[in-house]
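Here are my notes on this model, point by point. Please keep the coordinates open while you read.

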2 protein chains.
Amino acid sequence: MSTSDRLIESTRELLWERGYVGTSPKAILERAGAGQGSMYHHFRGKPDLALAAIRRTAEDLRATAEGVLGGPGTPYERIEAYLRRERDVLRGCPIGRLTMDPDVIASDELRAPVDETIDWIRERIAGIVEEGKEQGQFASSLDGEEIAATVLATVQGGYVLARASGSPAAFDTGVRGLLSLLTPPSS
Amino acid sequence: MSTSDRLIESTRELLWERGYVGTSPKAILERAGAGQGSMYHHFRGKPDLALAAIRRTAEDLRATAEGVLGGPGTPYERIEAYLRRERDVLRGCPIGRLTMDPDVIASDELRAPVDETIDWIRERIAGIVEEGKEQGQFASSLDGEEIAATVLATVQGGYVLARASGSPAAFDTGVRGLLSLLTPPSS
DNA sequence: GTCTATACCGTGATAGAC
DNA sequence: GTCTATCACGGTATAGAC
């Protein structure tokens, strides 16, 4: 792995653990085992390096989501698979957590990959819900965009509940509640 | 308002805007119009002042929640009122956002009021759902604790979606989706 | 391309005058 | 009770040697 890659990977870890405001170049360099010079050679500064790290994390998350949402099964099953997929719940969402970072939100450049990733997953789920409506698995009264937002919000909020209590249980409880509301009447 | 109160209020605002890690004593003092001495006279340091601020915000939030959840109406209507209550969506939840703060989560003392507040609201909603089940407004197959976690998660996650996109719309969309799933079949 | 040295400012806390 | 002075340390960036 190149020095540039090590810097990006270290930044990704720290952004996940401590957010943008809580992550210092010094901490990144220590974790990457690199000196100041390397970082400022490959990147213009902290925001530039963070952008590279966020973009890589965003791509990863998209791929992971597509892995379950694009998998086999009925629309309900694919959404269930998304909701139940293995997660490191107490670590939170590496993309969602950035929305609570004032410096990320203040920068259109840093916020863009966050926005795009969440939006992409939302549209993906919305399409699956519409598919489920056509197949009669979901009530036609439901709105794909709305349910997609609810599904995504339940996940993002589930992390909040879990981290507040210090246990992953609350995440799973919220997911079970949503699934009980989504369960097709036929089953 | 006493100096101590001004310090606490300034801290509350900054914790909401920038989180714990992003808030410096200097910024607090500037906003409160006080000197260093005042702060260290009334509080032992930044964590102590933050604890006072978080406790006050937690009490406020609990009171606001009780205002709608303990209001008039059927169980569904009270939950709807909670979900639809006026919020400064783009500012996020002053309590929920703290769960993404590494230093808050690392401290049992700072995390406690966050945990207790969220837990209290969750139990309050769970009771209302159970009430609704007794009245036949909610399906008996639903679980109060689960639905309560879903409701709270939708709200907390709604803030994430809204802040990612820079618009409150996503919050409302998620709430509408949840309400469409919760709507009593009778109506 | 990577390193160390240096600089400057902000953070968080203490000391002691008023 | 509040102020300013001071302090040690960390954050972010630059310079220049190797």
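1. The surface near DNA strand D. At least two residues each come from α2 (25-32) and α3 (36-42) of chain A and from α3 (36-42) of chain B. Helices (H or I, at least four residues) and strands (E, at least two) are DSSP runs, numbered from the N terminus. With five residues, α3(B) gives the largest share of this surface.

2. Conventions. This is a predicted model, in which local features need pLDDT of at least 70 and side-chain atom pairs count only at pLDDT 80 or more, while totals for chains, interfaces and linings use all residues. Residues are numbered from 1 along each chain as its sequence is written, chains are lettered from A and ligands numbered from 1 in the order in which they are written, and side-chain values use heavy atoms, with hydrogens and water left out.

3. Who surrounds the strand. DNA strand D has 16 residues around it, and the closest are Pro25(A), Gln36(A), Thr3(B), Gly35(B) and His42(B). Near means that a heavy atom of the residue lies within 4 Å. Of the atoms of DNA strand D that come within 4 Å of the protein, 64% belong to sugar and phosphate. By type, the surface residues are three nonpolar, 11 polar and two charged. Here Ala, Val, Leu, Ile, Met, Phe, Trp, Tyr, Cys and Pro count as nonpolar, Asp, Glu, Lys and Arg as charged, and the others, Gly among them, as polar.

4. Polar contacts to DNA strand D. A polar contact is a pair of N or O atoms within 3.5 Å; within protein, one must be able to donate a hydrogen and the other to accept it, and residues adjacent in sequence count only if both atoms are side-chain atoms. Gln36(A) places a polar side-chain atom 2.2 Å from a base nitrogen. Lys46(A) has a side-chain N or O atom 3.1 Å from a phosphate oxygen. Pro25(A) uses a polar backbone atom, 3.4 Å from a phosphate oxygen.

5. Arg6(A). This residue sits in helix α1 (residues 3-18) of chain A. Its relative accessibility is 27%, so Arg6(A) counts as partly exposed (buried is under 20% relative accessible area, exposed over 50%, partly exposed in between; 1.4 Å probe, protein chains only). Beyond four places in sequence, Arg6(A) is in contact (heavy atoms within 4.5 Å) with Met1(A), Ala32(A) and Gly33(A). Its C-alpha atom is 9.2 Å from that of Leu29(A), 23 residues apart along the chain.

6. Chain A overall. Chain A has nine helices and zero strands. Of its 187 residues, 52% are buried. The C-alpha atoms fill a box of roughly 65 × 30 × 30 Å along the principal axes.

7. The interface between the chains. How much area do chain A and chain B bury between them? The figure is about 3800 Å², with 68% on carbon and sulfur atoms. Buried area is the accessible area (1.4 Å probe) that two parts lose on being put together, summed over both. Met100(A), Arg163(A) and Leu181(A) supply 19% of what chain A buries against chain B, more than any other three residues. Each side is listed with 44 residues, from chain A and from chain B.

8. The core. The largest nonpolar core holds 118 residues (buried Ala, Val, Leu, Ile, Met, Phe, Trp, Tyr and Cys joined through side-chain atoms within 4.5 Å). Ile125(A) and Ile125(B) have the most contacts inside it.
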